[in-house]
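Visitor: Please take a close look at one part of this chain, the nonpolar core, and set it in the context of the whole.

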Amino acid sequence: MPNNNKSLTPPTIKIPRSTSPATKPRLINPTHTNTETLTTFLPKKFKKQKLKRNRNSTRSSTHTSAHKKCTETIDSYRLADSGGEPDQKQPIDYSHFVGNLPYDDREDARHSWKISDGNNFRIRSKNFSKDKSKITAGRPLMDLVAVDWFKHKKRIDHVARSPRCAAQVASEKGLFSFIVNLQIPASDHYSMVFYFITNNLKPGSLLQRFVDGDDKFKNSKLKLIPSIPKIHNFPSLLFLPHPSLNQASISYGSWIVRKSVGSTPCLLGKAVDCTYIRGPSYLEIDVNIGSSRVANGVLGLVTGAITSAVVDMAFLLQGDAPEELPERLIGAVRVSHLELSSAAIVPKLEPEPRAS
């Protein structure tokens, strides 16, 4: 009988040589997380305890490695977009930026966000005015560094007033922030806030002209591209009597949401009321989803799907004139299965400055 007080984590398990002379012994590292390997080679008692320990360690390490993974994702975009050469702009330390919605890049993640691949979206090409052609979007212009998920009894406006939000941290470091505050009406008022940052705005660029332009110009340019991605091997949520029924129901439900939302770009300023707040080092856009019962059909579906599905969203400026093409994404995000009950109470906001 084995001693139950001994550790169940041997440094290495050596599989005895097979009876076949051509088969060599294999060394299996018990810390390997491949479930198929563990199922094949490890004793049942050791396997169960080890898998449980691996799952717990994965959860605990998710938050500590989030900024590292986020930085690696952003760096991979930079390398791909510059032919293997990194950008020459000053590197940004992403560890300083924290939002209350956790970052998680696993496919089956819940109540979290990650950076969505820009190539999931199609945008207007350089020759769009001639042949209506589109291209994959590629790397965004700005970096998504944090996401907040707030609730309050009243609609939450101008969240950049929060003293320690990502925009204020960016301002202290001489960075510029582009903030999108999706205001979602329900029994409480919810806000999903995305913080995109960059070192500076290129003078004369479409982004700089948008930031400093009037509201009419902004309303004609800010565009959202939604998408419901296909997620494979996602765990069952409906718990129907048979596994095949579970998978079929999830696939069918995802298909309905995906077809309803689609991927048609939406000019936000034309669909709903948008409030633009120009701070000294940021632009905040408060998007009031509930401001139009007629025009916000797609937006209502998108925000409704956020709590029940995985949603990709890309923000960009519409290119109309030849000099505004090809289009470039400002940023893209994937939000997975948000929980309304986990929304944080909005922190105390600084008073609005009085008009002079």
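Guide: Two residues are in contact when heavy atoms of theirs lie within 4.5 Å. The model discussed here is predicted. By that criterion, residues 24 or more positions apart account for 67% of the contacts in the chain that have a separation of 6 or more. The chain has 356 residues, of which 44% count as buried, and its secondary structure comprises ten helices and 15 strands.

Within this framework, the largest nonpolar core contains 45 residues. Those with the most contacts inside this core are F178, M192, F194, F196, I285, V287 and M313. Strand 7, residues 176-185, contributes the largest share of the core, namely five residues. A second core, separate from this one, has 21 residues, including Y94, F97, V169 and L175.

F196 merits individual attention. Leaving aside neighbours within four places in sequence, F196 is in contact with F176, S177, F178 and V180. The other contacts of F196 counted in this way are M142, D143, L144, F315, I330, G331 and A332.

The open space and the surface complete the description. The largest pocket holds about 590 Å³ and is lined by 21 residues, with L141, K202, S205, L207 and R328 nearest its centre. By class, this lining consists of seven nonpolar, five polar and nine charged residues. Helix 6, residues 206-212, supplies the largest share of the lining, three residues. Finally, the chain exposes about 19600 Å², and carbon and sulfur atoms supply 53% of that area.

Methods: Residues are numbered from 1 along each chain as its sequence is written. This is a predicted model: local features need pLDDT of at least 70, side-chain atom pairs count only at pLDDT 80 or more; totals for chains, interfaces and linings use all residues. Side-chain values use heavy atoms; hydrogens and water are left out. A nonpolar core is a set of buried Ala, Val, Leu, Ile, Met, Phe, Trp, Tyr and Cys residues joined through side-chain atoms within 4.5 Å. Buried means under 20% relative accessible area, exposed over 50%, partly exposed in between (1.4 Å probe, protein chains only). Helices (H or I, at least four residues) and strands (E, at least two) are DSSP runs, numbered from the N terminus. On a 1 Å grid over the protein atoms alone, a cavity is a set of points where a 1.4 Å probe fits but cannot get out, and a pocket is an open set with protein on both sides within 12 Å along at least five of seven lines; lining residues have an atom within 4 Å of a point. Grid points are joined across faces, edges and corners, and a volume is the space filled by probe spheres set on the points. Ala, Val, Leu, Ile, Met, Phe, Trp, Tyr, Cys and Pro count as nonpolar, Asp, Glu, Lys and Arg as charged, and the others, Gly among them, as polar. Accessible areas come from the Shrake-Rupley method with a 1.4 Å probe; for residues, only the protein chains shown count as cover.
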